[in-house]
Amino acid sequence: MGKRHNMRSNTGLVEIIGLTEKFTFNPKEGIDNPVMVITDDADSTLTPSPRLCVLKREEGESFGFLLRVERGCRGHIIRNVVSGGVARRSGLRDGDRLLEVNNCYVDDVSHTEVARKIKIAGHQLCLLVLDGEEYEQVVFRGQDLRGLARAHKGEGYKPPRLCHITRDLVSGLGINFTPVEGEKGHFFVSVVAGGAAEKAGVRKGDRLVWMNGATVSDLTHSALSRMMKKCANHITILVIDSESEKEHMRQGMPVLPTMAAPHNLPFRARKLHLDSAGSSEGYGFLLRLEKAPSGRIAHVLREVDSASPAERAGMLDGELLLEVNGESVESLKHEEIVDRVRESGQHVSLTTITTQGQEFYTQVCINRATCIFLMQIYFYVKKKHM
């Protein structure tokens, strides 16, 4: 039966570079009476140069740095870079300011959200940073940090796309892969005009990065064809246009699912806001520890009471819990999750997904935390284009 918990009751130093005073000698007036000329010395300073640090850790290993917000200092500050650690080897330095996490601009994002993006990144992390002193100079001059980060990628750069393709009766999956001559594991994509793949966001000339969670860089064309045949009616692929791929290669930056813009994904996480104010029965649901069909242990929402705060928030029996108040539950013990909910008082936010959704992301080798990340992008993309 598993464990069950009833939620029905209880509830630095900054260097400022600006105008500098210079004496300009005027021979007509003599050396004892120089003219003081105020000149803007900003042009003589070096152009700020963001650095891309690619971190890759092993299982059980940490990235080896801390991210802090410090009083009197703007930005997300890199601190405590471990000597010989993953971060130090990637070129990360103490005092660096963080501009992007996996191609996502974060300078104007809350510290909690930035820390969360790093936590769910898995074993690979791409950080775009700026030296601390250069950052302060840019801020002092009122320069555009976002534009600086964008310029680092190059003009015309577009993020990779994570596309879910569903076979249709006319064109099938509507996609074919052609090996790039002389480059093992590199495949061009061709699509049927108006077909299933094109509708799912795939474009002619895209490069294939992975299929159903498997990286194709080590695959032959025949192995890729066999994978296609096993896919039946659905495939999920990660693609990128050729010019943007060149930019990734130039910078030594991997193409990761956490960088991708989702297209046509079949399942999405939901954020539920529960308010128990005025209710003497608490939130009105049970939280149980159960084994999911995949064999993984999951935290499952059960026995949703009629007319309860849980039902009013749209909770469905059998949904899986992913987050409590924006904090992933993946590494928390069951009792810790229960405590998080109870300590929330009369208001709690829960992120959930259906069992089918979890199974889908498990099959394409995306962990649940990354699932939340992708679904949040999906919500943003849909809202932006509505």
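How many bridges join S4 to strand S9, and in which sense do the two run? In this predicted model, six bridges link S4 to S9 (residues 124–130), and the two strands run antiparallel. One position in that ladder can be read off directly: arginine 51 has valine 129 of S9 as its bridge partner.

Strand S4 covers residues 51–56, and its side chains alternate between two faces. Arg51, Cys53 and Leu55 point to one face and are buried. Leu52, Val54 and Lys56 point to the other face and are not buried. Cys53 also belongs to a core of 19 residues, whose members include Phe63, Val81 and Leu125.

Cysteine 53 leads to the matter of disulfides. The count for the model is zero. A disulfide requires two cysteine sulfur atoms within 2.5 Å. For cysteine 53, the nearest cysteine sulfur is that of cysteine 126, 9.7 Å away, and cysteine 53 is in no disulfide. Read from the other end, cysteine 126 is likewise in no disulfide, with the sulfur of cysteine 53 as its nearest at 9.7 Å. Cysteine 53 has a relative accessibility of 1%, so it counts as buried. Cysteine 126 has 2% and therefore also counts as buried.

The chain as a whole sets the context for these details. The protein chain holds 11 helices and 22 strands. Of its 386 residues, 46% are buried. The chain exposes about 20300 Å², and carbon and sulfur atoms supply 52% of that area.

The largest nonpolar core is separate from the one that holds Cys53. It has 23 residues, and those touching the most other members are Ile165, Ile175, Phe177, Val202, Leu208 and Ile237. Several elements give two or more residues to this core: strands S10 (161–166), S11 (175–179), S12 (187–191), S13 (207–211) and S15 (234–240), together with helices H5 (196–199) and H6 (221–230). Isoleucine 175 gives a view of the surroundings from one position. Leaving aside residues up to four places away in sequence, isoleucine 175 touches Ile165, Val189, Ser190, Val191, Ala197, Val202, Met228, Ile235 and Ile237.

Strand S10 is one of the contributors to this core. Five of its six residues are buried, so S10 is largely enclosed by the rest of the structure. S10 pairs with S15 in the antiparallel sense over six bridges, and with strand S16 (residues 261–263) in the parallel sense over three bridges. Leucine 162 takes part in both pairings: it stands opposite leucine 238 in S15 and opposite proline 262 in S16.

Beyond S16 comes the loop between S16 and S17, where asparagine 264 is placed. Its phi is near 65°, a positive value in a residue other than glycine. Most residues other than glycine have a negative phi. The relative accessibility of asparagine 264 is 41%, so this residue counts as partly exposed.

The loop between S16 and S17 also carries one member of an aromatic pair. Which two rings form that pair, and how are they oriented? A search of the whole structure finds one aromatic pair. Its rings belong to phenylalanine 267 and phenylalanine 360, with centres 5.8 Å apart and planes at 45°, so the pair is tilted. Phenylalanine 267 lies in the loop between S16 and strand S17 (270–275), whereas phenylalanine 360 lies in helix H10 (residues 355–363), so the pair ties together parts that are 93 residues apart in sequence. The two partners differ in burial: phenylalanine 267 is partly exposed at 27% relative accessible area, while phenylalanine 360 counts as buried at 10%.

Another link across the sequence involves helix H2 (residues 111–119), where arginine 116 is placed. Arginine 116 is buried, with a relative accessible area of 10%. Arginine 116 and glycine 326 are 210 residues apart in sequence, yet their C-alpha atoms are 8.5 Å apart in space.

Asparagine 325 is found in the loop between strand S20 (320–324) and strand S21 (327–328). Its phi is near 50°, again a positive value in a residue other than glycine. Asparagine 325 is partly exposed, with a relative accessible area of 43%.

Technical notes
Residues are numbered from 1 along each chain as its sequence is written. This is a predicted model: local features need pLDDT of at least 70, side-chain atom pairs count only at pLDDT 80 or more; totals for chains, interfaces and linings use all residues. Side-chain values use heavy atoms; hydrogens and water are left out. Buried means under 20% relative accessible area, exposed over 50%, partly exposed in between (1.4 Å probe, protein chains only). Helices (H or I, at least four residues) and strands (E, at least two) are DSSP runs, numbered from the N terminus. Accessible areas come from the Shrake-Rupley method with a 1.4 Å probe; for residues, only the protein chains shown count as cover. A nonpolar core is a set of buried Ala, Val, Leu, Ile, Met, Phe, Trp, Tyr and Cys residues joined through side-chain atoms within 4.5 Å. Contact means heavy atoms within 4.5 Å. Two strands pair if DSSP finds at least two bridges between them. Rings of Phe, Tyr and Trp (its six-membered ring) pair if their centres lie within 6.5 Å; planes under 30 degrees apart count as stacked, over 60 as edge-to-face and the rest as tilted.
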